[in-house]
Amino acid sequence: MGMLSQDQLKSFQSQGYLVIESFATHDEIQTMTKRMEQLVDEFDPSSTASIFSTKNQLTDDYFYESAERVSFFFEEKAFGDDGNLKQPKQVSLNKVGHALHEIEPAFKKFSSSEKTSSLMRSLGYKRPVIMQSMYIFKQPGIGGEVVPHQDNSFIYTEPQTCTGLWLALEDATLSNGCLWAIPRSHKNGLVRKFYRDEDGVKFDRPSPSYDKKDFVPIEVKAGSLVVIHGNLIHQSFENQSPKSRHAYSLHVVDTTGCKWAPENWIRRKVEPEPLYVN
């Protein structure tokens, strides 16, 4: 049995996303945020200056190897002209990824919890695996824009099976950079693919332009989970407020009856463990 009601399933299938309030408990949020504080405190910024941007894609080994590691990526606006951080590392990072769900017990416990599995059962997954996890900071003042995109572009299976699970660790509001989505846009299919070859990573075609009026904000309280269909067009704007907007994001694919695309940027050396096998 899955955790979603028929009404919730219908809403997800119709709109392309679903908000589940109070999905994570206060204790789960505290455990993950406290562990991230420790990881950031222990991180030596001089060991990498990898900057993450959805406009200029990374192509270095540090990024590629992050698929099976816990790696740190800075905001574009974190560095001054002299190449040094303009503020402490704690408020300079864009995200940490992409294997928190495997390596870090605090994140693994939530990611592979019975409620996460139950959710994926509701969505009809037979042998789901988490392909990546990200702790996203959306820092006050410098938290960068995430341009309109579809998760299936980056995590492609044939047939397409990616679902995003986006957990608000803090309240996500209009002022601090909440998600925005175009309802029902998942019904229009995949717009473009992001692939990796010997030259790096790139899209197979330019992004279409979207009408701002079509997007609706998804403001949620801490603990809420936003379930995102792989073809839903969604984005977030810069955080120009004095408050951060921490979130923990998972991308899940099925591995029964579908094939992982070899041209995906994630090329794992070790096969991921499934959440369950039906």
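Below, a biologist asks a modeller about the labels used for this predicted model.

Biologist: What kind of model is this, and what does it count?

Modeller: The model is predicted: local features need pLDDT of at least 70, side-chain atom pairs count only at pLDDT 80 or more, and totals for chains, interfaces and linings use all residues. Residues are numbered from 1 along each chain as its sequence is written, and side-chain values use heavy atoms, with hydrogens and water left out.

Biologist: Why is Ser22 called exposed?

Modeller: Relative accessible area decides the word: buried is under 20%, exposed is over 50%, and partly exposed is in between, with a 1.4 Å probe and protein chains only. Ser22 has 64% relative accessibility, so Ser22 counts as exposed. Ser22 lies in the loop between strand E1 (17-20) and helix H2 (26-42). Helices (H or I, at least four residues) and strands (E, at least two) are DSSP runs, numbered from the N terminus.

Biologist: What is notable about the phi of Ser22?

Modeller: Ser22 has a positive phi of about 55° although it is not a glycine. Lys138 also has a positive phi, near 45°, and is a residue other than glycine.

Biologist: Is Lys138 buried or exposed?

Modeller: Lys138 has 3% relative accessibility, which is under 20%, so Lys138 counts as buried. Lys138 is found in the loop between strand E4 (128-136) and E5.

Biologist: Why is Ser5 called partly exposed?

Modeller: Ser5 has 34% relative accessibility, which falls between the two cut-offs, so Ser5 counts as partly exposed. Ser5 has its place in the segment before helix H1 (6-15).

Biologist: What makes the contact of Arg69 and Glu65 a salt bridge?

Modeller: A salt bridge is a side-chain nitrogen of Lys or Arg within 4 Å of a carboxyl oxygen of Asp or Glu. Arg69 and Glu65 meet at 3.0 Å, N to O, so the pair fits the rule. Arg69 is partly exposed at 45%, and Glu65 is partly exposed at 34%.

Biologist: How do you know that Glu68 and Arg268 form a salt bridge?

Modeller: Their N to O distance is 3.8 Å, which is within 4 Å, so the pair counts. Glu68 is in the loop between helix H3 (61-65) and strand E2 (70-74), and Arg268 is in the segment after strand E15 (259-260), 200 residues apart. Glu68 is partly exposed at 22%, whereas Arg268 is buried at 17%. Glu68, Glu102 and Arg268 are linked in a network of salt bridges.

Biologist: What makes Lys193 and Glu263 another such pair?

Modeller: The closest N and O atoms of Lys193 and Glu263 are 2.8 Å apart, so this pair also meets the rule. Lys193 sits in the loop between E8 and strand E9 (194-197), and Glu263 in the segment after E15, 70 residues apart. Glu263 is partly exposed, with a relative accessible area of 26%. The structure holds 12 salt bridges.

Biologist: Why are E5 and E11 called edge strands?

Modeller: The open sheet has 4 strands in the order E5-E13-E8-E11, with antiparallel pairing. Strand E5 (146-149) and strand E11 (216-218) each have a single partner strand, so one side of each is left without a neighbour in the sheet.

Biologist: How do you know that E8 and E11 pair?

Modeller: Two strands pair if DSSP finds at least two bridges between them. Strand E8 (residues 179-181) is joined to E11 by 3 bridges, so the two count as paired, and they run antiparallel. Trp180 stands opposite Pro217 in E11.

Biologist: Which residues line the second largest cavity?

Modeller: A cavity is a set of points, on a 1 Å grid over the protein atoms alone, where a 1.4 Å probe fits but cannot get out; lining residues have an atom within 4 Å of a point. The lining here consists of Phe23, Phe110, Thr116, Leu165, Leu167, Leu225, Tyr248 and Leu250. Strand E7 (163-168) and strand E14 (247-254) each give two or more residues to this lining.

Biologist: Which peptide bonds are cis?

Modeller: Among them are the bond joining Gly97 and His98, with omega about 10°, and the bond from Glu158 to Pro159, with omega near -5°. His98 is in strand E3 (residues 93-98), whereas Pro159 lies in the loop between strand E6 (157-158) and E7.

Notes:
1 Å grid on protein atoms, 1.4 Å probe; cavity = no way out; pocket = protein on both sides within 12 Å on 5 of 7 lines; lining within 4 Å.
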